[in-house]
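Hi,

Here is the structure I said I would pass on. Have a look at it first, and my notes on what turned up follow underneath.

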Amino acid sequence: MVRTAHHVFLHTMALIDLHTHSTASDGSLTPAAVVRLARERGLAAIALTDHDTIDGLPEAIRAGVEEGVEVVPGVEISARHPGGSMHILGLLVDYDDGLLDRRLAVLKQARRDRNPQIVAKLNSLGIPVSLDEVEAVSGGGQVGRPHIARALLERGAVRSIQEAFDLFLSNRGRAYVGKFRFPPPEAIAMIRESGGVPVLSHPFTLNVHSVRELRTLLVDLKRMGLAGLEVFYPEHGPDLEGLYRELAKELDLLITGGSDFHGDNKPEVELGRIACQGKITHELLDALKEWKMRRDPA
Ligand SMILES: [Zn+2]
Ligand SMILES: [Zn+2]
């Protein structure tokens with residue numbers, strides 16, 4: 001195909017989204033439904049980046065072929081970071097060779113073990129809630145603390161969901177069980193070993209309070225293999241966006257952007273309609289592909 005300058009312009013400026021969630025983690029739409037919505041909203045490409053799992057990718061990729069939307073295989077891994085939360089996106093991962101799946105299985109098992117541990121602690125505190133009750137209120141899908149809170153409310157052990165968290169389930173609660181998380185170097189390494197581009201998501205959730213501290217942390221992460229920074233994000237606003245863009249430039253990190261769409265589970269974020277959507281264009285994805293290709297030439 002002969003590509004005219006106009007074609008190239010349309011391609012690089014097409015709107016995309018490099019951060020979305022489906023029912024494979026805590027989104028409310030199935031992977032195929034996320035892709036369909038992306039087509040309806042005029043997005044040329046989306047990355048499906050479910051928390052700690054790549055289970056939704058085959059369905060999303062198939063839907064992408066049907067809908068004519070480019071689906072970027074991705075994942076969002078939670079890494080250990082005391083004082084805040086550190087999420088690392090893996091974009092353009094090789095998802096079908098089993099390697100990444102095996103690494104992520106550790107997290108799946110940890111998540112499965114966690115609910116019984118919390119329930120056992122509650123039982124030892126004299127609250128006779130059962131795992132069956134918790135699963136009954138969850139209605140299938142990932143089961144977690146919000147469902148345990150609802151089960152406690154339903155059996156009258158607490159007066160509100162908030163109270164369930166305050167007394168028992170929050171990290172200061174009496175039945176708290178810590179989550180297993182990979183140390184950052186491990187999370188980054190497993191993304192790179194799977195052919196992916198590691199990108200730090202929404203840097204503000206690190207809870208780092210000075211620019212100097214953030215720069216130091218980013219330098220460390222880059223040394224571990226971090227390749228990019230999520231600059232465009234609904235909650236960043238112009239100031240943070242400007243700061244992150246500067247830091248990305250200074251530290252030679254790729255720039256990405258995404259909505260962190262979760263469907264009805266985060267209703268304030270609408271796919272394809274976030275304030276910074278106009279800045280999230282296909283040329284960001286082209287730069288990620290170039291980085292990946294330079295790293296492992298086919
Ligand atoms: Zn995140
Ligand atoms: Zn996310």
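To start with something you can check on screen: which strands does helix 10 (residues 237-250) lie across, and at about what angle does helix 10 run to strand 6? The helix lies across strand 6 and strand 7, and its angle to strand 6 is about 155°. Do keep in mind that this is a predicted model.

Now the overall picture. The protein chain has 11 helices and seven strands. Its radius of gyration is 20 Å, close to the 19 Å that the globule rule gives for 298 residues, so the chain is as compact as a globular protein of that length. Along the principal axes, the C-alpha atoms fill a box of roughly 70 × 45 × 35 Å. Of the 298 residues, 39% are buried. If you take the contacts with a separation of 6 or more, 71% of them link residues 24 or more positions apart.

Next, the sheet. It is an open one of seven strands, in the order 1-2-3-4-5-6-7, and the pairing is mixed. Strand 1 (16-20) and strand 7 (254-257) stand at the edges with a single partner strand each, so one side of each has no neighbour in the sheet. From one strand to the next, the twist averages 30°.

Strand 5 (residues 197-200) and strand 6 (residues 228-232) run parallel and are joined by two bridges. If you want a spot to zoom in on, Leu200 stands opposite Leu229 in strand 6.

Helix 10 has company on the sheet. Helix 11 (residues 282-295) lies across several strands, among them strand 1, strand 2 (45-48), strand 3 (70-79) and strand 4 (86-91). Strand 5 and strand 7 are also on the list for helix 11, which runs at about 135° to strand 7.

Finally, helix 8 (residues 184-193). Which of its residues are buried? They are Pro184, Ala187, Ile188, Met190 and Ile191. These five cover an arc of only 160° around the axis, which puts them on the same side of helix 8. The general reason for such a pattern is that an α-helix has 3.6 residues a turn, so residues three or four places apart point the same way. The buried residues of helix 8 are covered by elements including strand 3, strand 4, helix 4 (99-124), strand 5 and helix 9 (211-224). Just after helix 8 comes Gly195, with a positive phi of about 80°.

Cheers

How values were computed
Residues numbered from 1 in each chain as written. Chains lettered and ligands numbered in written order. Predicted model: local features only at pLDDT ≥ 70, side-chain atom pairs only at ≥ 80, totals over all residues. Helix = DSSP H or I, 4+ residues; strand = E, 2+ residues; numbered from the N terminus. Rg over C-alpha atoms; globule rule 2.2 N^0.38 Å. Buried ≥ 20, exposed ≤ 12 C-beta atoms within 10 Å, placed from the backbone. Contact = placed C-beta atoms within 7 Å. Pairing = 2+ DSSP bridges. Axes fitted to C-alpha atoms, helices over the stretch in contact; angles between N-to-C directions. Arc of directions from axis to C-beta.
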